[in-house]
Amino acid sequence: MALSTSERKKRIRRRIRKVSSGTAERPRLSIFRSNSEIYAQVIDDTQGTTLVAVSSRDGDLAKEKGTKSEIAKVVGKAIAEKCKKVGIEKVAFDRGGNLYHGRVKSLAEGAREAGLNF
């Protein structure tokens with residue numbers, strides 16, 4: 001019996017979250033990818049708070065033109081810049097059950113280029 005795509009993704013997400021959790025020193029960079037948009041947020045799981053959030057729908061980023069992967073890279077750079085303003089240098093990367101490929105990979109590369117360590 002084969003798993004559906006959503007069931008497989010839920011399993012992967014649970015497996016990642018068992019190991020990865022965000023702390024005050026190293027918060028979790030969580031990615032959510034919909035069909036048309038991409039969202040990233042930095043979460044401190046010990047407090048249960050979102051420290052920084054960016055999406056492709058936010059003001060300046062919504063006006064960006066290009067492929068979804070190019071926009072994801074811009075979102076990655078934006079989240080890294082916001083993290084630096086708040087004083088966050090290191091994060092734990094949570095791909096949210098998605099494969100490290102395409103838009104998720106582009107977002108991660110953009111964040112790394114802007115100086116975020118993970």
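What percentage of the 118 residues of the protein chain count as buried? In this predicted model, the share that counts as buried is 36%. The protein chain contains four helices and four strands, and, read from the N terminus on, these elements follow the order α-β-β-β-α-α-β-α.

The overall dimensions were examined next. For a chain of 118 residues, a compact globule would be expected to have a radius of gyration near 13 Å, and the value of 14 Å computed for the protein chain agrees with this. Along the principal axes, the C-alpha atoms occupy a box of roughly 45 × 35 × 20 Å. Among the contacts with a separation of 6 or more, 60% are made by residues 24 or more positions apart.

The interior is described by the largest nonpolar core, which has 21 residues, and those with the most contacts inside it are Leu29, Ile31, Val42, Val75, Ile79, Leu107 and Leu116. Two or more residues of this core are given by each of β1 (28-33), β2 (38-44), β3 (49-55), α3 (68-86) and α4 (103-113), with the largest share, seven residues, coming from α3. When residues up to four places away in sequence are not counted, Val75 touches Ile38, Val54, Ser55, Ser56, Leu61 and Leu107.

As for the surface, the accessible area of the protein chain comes to about 7200 Å², and 48% of this area belongs to carbon and sulfur atoms. The protein chain carries 26 positive and 14 negative charges, and the mean positions of these two groups lie 7 Å apart.

Terms used:
Residues are numbered from 1 along each chain as its sequence is written. This is a predicted model: local features need pLDDT of at least 70, side-chain atom pairs count only at pLDDT 80 or more; totals for chains, interfaces and linings use all residues. Side-chain values use heavy atoms; hydrogens and water are left out. The radius of gyration is taken over C-alpha atoms; the globule rule is 2.2 Å times the number of residues to the power 0.38. Buried means under 20% relative accessible area, exposed over 50%, partly exposed in between (1.4 Å probe, protein chains only). Contact means heavy atoms within 4.5 Å. Accessible areas come from the Shrake-Rupley method with a 1.4 Å probe; for residues, only the protein chains shown count as cover. Lys and Arg count as positive and Asp and Glu as negative; His and the chain ends are not counted. The place of a charge is taken as NZ of Lys, CZ of Arg, CG of Asp or CD of Glu. A nonpolar core is a set of buried Ala, Val, Leu, Ile, Met, Phe, Trp, Tyr and Cys residues joined through side-chain atoms within 4.5 Å.
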